[in-house]
Amino acid sequence: MDKVLDTPYVYYELQGDLMIGTYKKDLKINLEIAKEIVKVRQDFANHTPVVGLIYNQGVVKMDKKAREYL
């Protein structure tokens, strides 16, 4: 069964053990947002390992601390 989750920053689809994440348009990511993205992703996957496919064309800026955290 496929699951979807639409957040303010990322649209997620979970297809078996494959998670597809599409970042929202014109997204600027700082450390606080990066931490929320990771928490939501882990919760959505029930804290189990999954293969991830990320479409990040919506990201226009990401600070160094956010990059390191992600």
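In which strand does Ile20 lie? Ile20 belongs to strand β3, and the legends below describe this residue and several others in a predicted model.

**Figure 1. Overall view of the predicted protein chain.** The protein chain contains two helices and six strands. Read from the N terminus, these elements follow the order β-β-β-β-α-β-β-α. The C-alpha trace extends over about 35 × 20 × 15 Å along its principal axes. The radius of gyration of the protein chain is 12 Å, which agrees with the value near 11 Å that a compact globule of 70 residues would have. Among contacts with a separation of 6 or more, 65% link residues 24 or more positions apart.

**Figure 2. Surface and charge of the protein chain.** Of the 70 residues in the protein chain, 26% are buried. The accessible surface amounts to about 5000 Å², and carbon and sulfur atoms contribute 52% of this area. The side chains include 11 positive and 10 negative ones. A distance of 8 Å separates the centres of these two sets.

**Figure 3. Close-up of Ile20 in strand β3.** Ile20 has a relative accessible area of 11% and is therefore buried, the limit for this class being under 20%. Leaving out residues up to four places away in sequence, Ile20 touches Tyr11, Tyr12, Glu13, Gln15, Leu53 and Tyr55. The view may also include Val10, whose C-alpha atom is separated from that of Ile20 by 9.7 Å. Along the chain, Ile20 and Val10 are 10 residues apart.

**Figure 4. Close-up of Thr7 in the loop between β1 and β2.** This loop joins β1 (3–6) to β2 (10–15). Thr7 counts as buried, because its relative accessibility is 14% and the class requires a value under 20%. A polar atom of the Thr7 side chain lies 2.7 Å from the backbone oxygen of Val10. When neighbours within four places in sequence are set aside, Thr7 is in contact with Tyr12, Lys24 and Val40.

**Figure 5. Close-up of Gly16 in the loop between β2 and β3.** Gly16 counts as exposed because its relative accessibility is 58%, the class being defined by values over 50%. The second residue marked in this view is Glu32. Gly16 and Glu32 are 16 residues apart in sequence, and their C-alpha atoms are 29 Å apart in space.

**Figure 6. Close-up of Asp26 in the loop between β3 and β4.** The flanking strands are β3 (18–23) and β4 (27–29). Phi of Asp26 is near 60°, a positive value in a residue other than glycine. With a relative accessible area of 51%, Asp26 is exposed, since this class begins over 50%.

**Figure 7. Close-up of His47 in the loop between α1 and β5.** The loop that holds His47 runs between α1 (31–44) and β5 (51–55). For His47, phi takes a positive value near 55°, and the residue is not glycine. The relative accessible area of His47 is 57%, and His47 is therefore exposed under the criterion of over 50%.

Key:
Residues are numbered from 1 along each chain as its sequence is written. This is a predicted model: local features need pLDDT of at least 70, side-chain atom pairs count only at pLDDT 80 or more; totals for chains, interfaces and linings use all residues. Side-chain values use heavy atoms; hydrogens and water are left out. Helices (H or I, at least four residues) and strands (E, at least two) are DSSP runs, numbered from the N terminus. The radius of gyration is taken over C-alpha atoms; the globule rule is 2.2 Å times the number of residues to the power 0.38. Buried means under 20% relative accessible area, exposed over 50%, partly exposed in between (1.4 Å probe, protein chains only). Contact means heavy atoms within 4.5 Å. Accessible areas come from the Shrake-Rupley method with a 1.4 Å probe; for residues, only the protein chains shown count as cover. Lys and Arg count as positive and Asp and Glu as negative; His and the chain ends are not counted. The place of a charge is taken as NZ of Lys, CZ of Arg, CG of Asp or CD of Glu. A polar contact is a pair of N or O atoms within 3.5 Å; within protein, one must be able to donate a hydrogen and the other to accept it, and residues adjacent in sequence count only if both atoms are side-chain atoms.
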